[in-house]
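Q: Please give me a close look at one part of this model, namely how its strands are paired and what packs around them. I would like the terms spelled out with their cut-offs as you go.

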Amino acid sequence: MDLGEILLEIERKTGAVINIDAIHPGFYASANLKLTAEQHIHRGDFCAFAKRFSGAACFAVKDRTREKARKGKPFCGDCPFGIRELVWPVIHNGELAASIYLGYFRGQNWKSSVGEEVYSGQPVPKADAHTWSRLRK
């Protein structure tokens with residue numbers, strides 16, 4: 001079982017969407033660390049919608065998230081549109097090798113629109129304290 005398959009199993013058990021911002025080349029060279037193409041990007045209907053109308057905001061958050069992840073401690077955060085995720089840094093030889101994003105849940109500041117465009121896709125789920133606890137484990 002490779003990493004991509006393990007992440008899909010965790011998704012099935014938790015209801016989360018898991019993505020990896022892979023920086024280290026090992027994520028591309030090792031068969032054990034193989035991910036699907038979709039696992040390298042934030043996915044979910046709302047994220048695709050938001051990127052279509054304001055992709056620059058998404059990319060800016062990714063840069064800030066990488067900076068915070070370099071400290072090596074997991075943290076929760078919301079994107080500018082209110083999608084909440086747990087970010088788990090992966091440090092290798094003192095450097096940020098990847099950030100694992102676990103979430104795609106509605107945060108308190110979730111917005112159902114981007115500019116003038118209103119989202120009408122699949123509902124974005126909410127997570128309770130039990131879900132966040134399971135994701136941290």
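A: Two strands are taken to pair if DSSP finds at least two bridges between them, and the strands themselves are DSSP runs of E with at least two residues, just as helices are runs of H or I with at least four, both numbered from the N terminus. The model is a predicted one, so local features need a pLDDT of at least 70 and side-chain atom pairs count only at pLDDT 80 or more, whereas totals for chains, interfaces and linings use all residues. Residues are numbered from 1 along each chain as its sequence is written, and side-chain values rest on heavy atoms, with hydrogens and water left out.

Strand S1 (17-22) is a good place to begin. It is joined to strand S4 (95-106) by six bridges, and the two strands run antiparallel; in that pairing, Asn19 has Tyr101 of S4 as its bridge partner. Buried here means under 20% relative accessible area, exposed means over 50%, and partly exposed covers what lies in between, with a 1.4 Å probe and protein chains only. Six of the six residues of S1 are buried, so this strand is largely enclosed by the rest of the structure. In a regular strand the side chains alternate between the two faces of the sheet. In S1, Val17, Asn19 and Asp21 point one way while Ile18, Ile20 and Ala22 point the other way, with all of them buried.

The burial of S1 leads on to the nonpolar cores, a core being a set of buried Ala, Val, Leu, Ile, Met, Phe, Trp, Tyr and Cys residues joined through side-chain atoms within 4.5 Å. The largest has 16 residues, and Leu3, Leu7, Ile20, Phe27, Leu102 and Leu135 are those with the most contacts inside it. At least two of its residues come from each of helix H1 (3-14), S1, S4 and helix H4 (129-136), and S4 gives the largest share, with five residues. Apart from this core lies another, of 11 residues, which includes Val17, Cys47, Ala50 and Tyr104. Contact in what follows means heavy atoms within 4.5 Å. Leu3, leaving aside neighbours within four places in sequence, is in contact with Ile20 and Phe27 as well as with Asn32, Leu33, Lys34 and Leu35.

S1 also has a polar neighbour, Gln39, which sits in the loop between helix H2 (26-29) and helix H3 (45-69) and counts as buried at 1% relative accessibility. Not counting residues up to four places away in sequence, Gln39 touches Ile18, Asn19 and Ile20, along with Gly4, Leu7 and Leu8. A polar contact is a pair of N or O atoms within 3.5 Å, where within protein one must be able to donate a hydrogen and the other to accept it, and where residues adjacent in sequence count only if both atoms are side-chain atoms. By its side chain, Gln39 reaches the backbone oxygen of Gly4 at 3.0 Å, and a polar atom of that side chain lies 2.8 Å from the backbone nitrogen of Thr36.

The other strand of the first pair, S4, holds Tyr104, which is buried at 8% relative accessibility. Most residues other than glycine have a negative phi, and most peptide bonds are trans. Tyr104, although not a glycine, has a positive phi of about 65 degrees. Asn93, in the loop between S3 and S4, likewise has a positive phi, near 50 degrees, but Asn93 is exposed, with a relative accessible area of 70%.

A second antiparallel pair is formed by strand S2 (residues 75-78) and strand S3 (residues 83-92), joined by four bridges. Phe75 has Val87 of S3 as its bridge partner. Four residues lie between the strands of this hairpin, where Gly82 takes a positive phi near 90 degrees.

Both pairs meet helix H3, whose buried residues pack against S2, S3 and S4, and also against strand S5 (113-114) and strand S6 (117-118). Those buried residues are Phe46, Cys47, Phe49, Ala50, Gly55, Val61, Thr65 and Ala69. H3 bends by about 110 degrees at Ser54, the bend being the angle between axes fitted to the seven residues ending there and the seven starting there.
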